[in-house]
Amino acid sequence: MRRNYLAALLLLLSSVVLADVDGLDAQQEARYQALIAELRCLVCQNQTIAESNAPLAVDLRNQVKTQIVAGRSQAEIVGYLTERYGDFVLYRPPFKASTALLWLGPFLLLLGGLVWALRYVRGTRRPAAATEKPVDPEAVQRLLAETQAALAAQDAPARNPKE
Amino acid sequence: MKYLVPIAVLLGLIALFAVGLTRDPREVPSPLVGKPAPAFALPGLGGTPARVTPADWRGRTVLVNYFASWCAGCRVEHPLLMQLAHEQGVEIIGLAYKDADADTQAWLDRHGNPYRSVIADNAGSAGLDWGVYGVPETFVVGPDGSILFKQIGPMTPEAWETKIRPLLGVRREG
């Protein structure tokens, strides 16, 4: 119950904060905030226009706000900006031929790494298996017979002179 | 060769980085190159003429230079623009970007005016439409009103010689 009161209080507070942004209702405000967090500032290139205080970011924020108030869709606003600044303004560039490597590259690297790891693991196991050749029984028999014959030949002359 | 693959990968990466490091991340390719220059209707500096539009220089190849009195890079390229305008007869249109008219005028009085006409883009609205994100930026606009080239940052003698002069068809003087 207490949690509900807290939630209600926070909601009230947030609506006060939201009302602070001029001319936008809560829904428009949400769209505005979501959009400016997706757009790159061209001056401070590692900041979104939501974060940056560069004059250009201020201009672009105002532009986004004006267009939201005018009822333009997100696609229209994004189109307006990419027409002027290119895909660079988008923190999430669209998937197309020139960005295919950007989007697929990490997965290709991962795949390559997996293939390499698999081959490496198999490669280290194979030589160990190769040394353990199965024993050829015929070869053992032959070796045994040869050894016996050699021993017999060694023994024979040693004994004969005494007899 | 046991290390052939790792060495090949390493060399490939070095090649990629070597190319990547020569590129300036601040130079964002403009999607406007090859497209018609965005229209605007703005007053000239100090209010005269009352209205200038890109149609005013239709039929000629011009340089459209966004500059401002508060811009350091503009001072860097200024001598070159002066030389191009006064010695080589290049038509340069100046757009004073986010500047107060009095400041622009004082700057031009002090350093010289390379511009055939100066347009006051006080609010940066034309700049926004032209995709300007920092002055100076210079556009080459062809006779049909389309943008042929965009120079981001100060104009350099190299950029003029290799990229812009061929577009304007200006012969080397002498």
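How many nonpolar, polar and charged residues does the lining of the largest pocket have? Before I answer, please keep in mind that what we are looking at is a predicted model. By class, that lining has six nonpolar residues, one polar residue and four charged residues. The pocket itself has a volume of about 530 Å³, and its walls take in residues of both chains, with Asp87(A) and Phe88(A) from chain A, and with Leu16(B), Phe17(B), Gly20(B), Arg23(B), Asp24(B), Pro25(B), Glu27(B), Val28(B) and Pro29(B) from chain B.

Let me turn from there to the interface. The contact between the chains draws on 15 residues of chain A and 16 residues of chain B, and together the two chains bury about 1,200 Å², of which 53% lies on carbon and sulfur atoms. On the side of chain B, the residues that lose the most area to chain A are Val28(B), Leu128(B) and Tyr133(B), which together account for 44% of what that side buries. Val28(B), as you will recall, is also among the residues that line the largest pocket.

As for the polar side of this interface, five residue pairs are found in polar contact across it, with both partners at pLDDT 80 or more, and the salt-bridge rule finds two salt bridges between chain B and chain A. One salt bridge I would like to point out joins the side chains of Lys98(B) and Asp59(A), at 2.3 Å from N to O. Looking at where the chain B side comes from, helix H4, residues 125–129, supplies the largest share of what touches chain A, namely three residues. By class, that side of chain B divides into 10 nonpolar, three polar and three charged residues.

Lys98(B) deserves a second look for its backbone. It is found in the loop between strand E2 (92–97) and helix H3 (101–111) of chain B, and its phi is near 50 degrees, a positive value in a residue other than glycine. For context, most residues other than glycine have a negative phi, and most peptide bonds are trans.

That brings me to the cis peptide bonds, of which I will show two in chain B. One joins Thr48(B) and Pro49(B), with omega at about -10 degrees, and Pro49(B) is found in the loop between helix H1 (4–21) and strand E1 (62–67). Another joins Val135(B) and Pro136(B), with omega at about -5 degrees, and here the proline is in the loop between H4 and strand E4 (137–141) of chain B.

Within chain B there is also a salt bridge worth showing, between the side chains of Glu91(B) and Arg60(B), at 2.7 Å from N to O. This pair links distant parts of the chain, 31 residues apart, given that Glu91(B) sits in the loop between helix H2 (72–87) and E2, whereas Arg60(B) sits in the loop between H1 and E1. Over all chains, a search of the whole structure finds nine salt bridges.

Last, the enclosed space. The structure holds one cavity of 30 Å³ or more, and the volume of the largest cavity is about 40 Å³. Its lining consists of Ala37(B), Pro54(B), Trp57(B), Arg58(B), Val141(B), Gly142(B), Pro143(B) and Gly145(B), which by class gives five nonpolar, two polar and one charged residues.

Terms used
Residues numbered from 1 in each chain as written. Chains lettered and ligands numbered in written order. Predicted model: local features only at pLDDT ≥ 70, side-chain atom pairs only at ≥ 80, totals over all residues. Heavy atoms only, no water. Contact = heavy atoms within 4.5 Å. Buried area = accessible area lost by both parts, 1.4 Å probe. Salt bridge = Lys/Arg side-chain N within 4 Å of Asp/Glu carboxyl O. Polar contact = N/O pair within 3.5 Å; in protein donor to acceptor, adjacent residues only side chain to side chain. Helix = DSSP H or I, 4+ residues; strand = E, 2+ residues; numbered from the N terminus. Nonpolar A, V, L, I, M, F, W, Y, C, P; charged D, E, K, R; others polar. 1 Å grid on protein atoms, 1.4 Å probe; cavity = no way out; pocket = protein on both sides within 12 Å on 5 of 7 lines; lining within 4 Å. Points joined across faces, edges and corners; volume = space filled by probe spheres on them.
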